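Reader: I'm new to this structure and would like to learn how to read it. Could you walk me through it, one feature at a time?

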Amino acid sequence: QVQLVESGGGLVQAGGSLRLSCAASGSAVSINDMGWYRQAPGKQREMVAVITSSGSVNYADSVKGRFTISRDNAKNTVFLQMNSLKPEDTAVYYCNLRRAVSPIIGRNYWGQGTQVTVSS
């Protein structure tokens with residue numbers, strides 16, 4: 001059973017930093033695609049950053065140059081370092097693990113989410 005537990009959210013002023021953590025159990029972060037997504041009130045969930053099993057990373061345009069995704073295979077944990085935060089970054093942030101079921105089909109697992117609030 002895959003479980004993802006996020007932590008590190010909170011309230012921060014604009015321009016500040018936060019580091020989110022996602023501790024995984026039931027599957028290794030090193031062999032799956034791992035990602036961070038966010039959902040603001042009244043908006044759809046959107047991709048923030050993804051790191052693939054091969055180590056490739058991809059970021060939403062809105063966070064490029066400010067956010068960094070990384071993983072610690074020994075701790076089976078994925079991180080999202082968020083710098084230069086803006087009020088528009090306010091959202092619930094979710095950790096995602098995508099397990100490949102076949103070359104073209106994957107199964108998604110989600111954490112419970114952690115709230116990030118950026119005040120102006």
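Author: Happy to. Keep in mind that this is a predicted model. Let's start with a small detail: the side chains of S27 and R99 are joined by a polar contact of 3.5 Å.

Reader: Where is S27 found?

Author: Look in the loop between strand 3 and strand 4. Setting aside neighbours within four places in sequence, S27 touches V2, N32, N76, L97 and R99.

Reader: Is S27 buried or exposed?

Author: Buried means under 20% relative accessible area, and S27 has 12%, so S27 is buried. A24, over in strand 3, also has a relative accessible area of 12%, so A24 is buried. With neighbours within four places left out, A24 is in contact with Q3, L4, V29 and N76.

Reader: Okay, next feature. Which cysteines does a disulfide join?

Author: The general idea first: a disulfide is a covalent bond between the sulfur atoms of two cysteines. In this model the count is one disulfide, and C22 is joined to C95 with an S to S distance of 2.0 Å. C22 sits in strand 3 and C95 in strand 9, 73 residues apart, and the pair links distant parts of the chain.

Reader: Why is the disulfide of C22 and C95 called left-handed?

Author: Check the torsion about the S-S bond: for C22 and C95 it is about -80°, so the disulfide is left-handed. Now look at accessibility: C22 is at 0% and therefore counts as buried. C95 is buried too, with a relative accessible area of 0%.

Reader: Strand 9 has come up already. Which strands does it pair with?

Author: A bit of background: in a regular strand the side chains alternate between the two faces of the sheet. Here, strand 9 pairs with strand 4 in the antiparallel sense over seven bridges, and Q39 stands opposite V92 in strand 9. Strand 9 also pairs antiparallel with strand 11, over three bridges; there A91 faces V116 as its opposite residue. Then there is strand 10, residues 106-110, which runs antiparallel to strand 9 with five bridges between them. L97 has Y109 in strand 10 as its bridge partner. Five residues make the hairpin connection from strand 9 to strand 10.

Reader: And how many residues does the largest nonpolar core have?

Author: It has 30 residues, and those with the most contacts inside it are L4, W36, L80, M82 and Y93. Several strands each supply at least two residues of this core, among them strand 3 (18-25), strand 4 (33-39) and strand 9 (91-100).

Reader: What about charged side chains? How many salt bridges are there?

Author: The count comes to four salt bridges. A good place to look is R38, whose side chain meets that of E46 at 2.7 Å, N to O. R38 also forms a salt bridge with D89, with the closest N and O atoms 3.0 Å apart. D89 is in the loop between strand 8 and strand 9, while R38 is in strand 4, so this pair ties together parts that are 51 residues apart in sequence. Both D89 and R38 are buried, whereas E46 is partly exposed at 35%.

Reader: Which residues are linked with R38 in a network of salt bridges?

Author: The network links R38 with E46, R66 and D89. Elsewhere, D61 and K64 meet in a salt bridge at 3.1 Å, N to O. D61 has 66% relative accessibility, so D61 counts as exposed, and K64 is partly exposed at 48%.

Notes: Residues numbered from 1 in each chain as written. Predicted model: local features only at pLDDT ≥ 70, side-chain atom pairs only at ≥ 80, totals over all residues. Heavy atoms only, no water. Core = buried A, V, L, I, M, F, W, Y, C linked by side-chain atoms within 4.5 Å. Buried < 20%, exposed > 50% of the residue type's maximum accessible area, 1.4 Å probe, protein only. Helix = DSSP H or I, 4+ residues; strand = E, 2+ residues; numbered from the N terminus. Disulfide = S-S within 2.5 Å. Pairing = 2+ DSSP bridges. Polar contact = N/O pair within 3.5 Å; in protein donor to acceptor, adjacent residues only side chain to side chain. Contact = heavy atoms within 4.5 Å.
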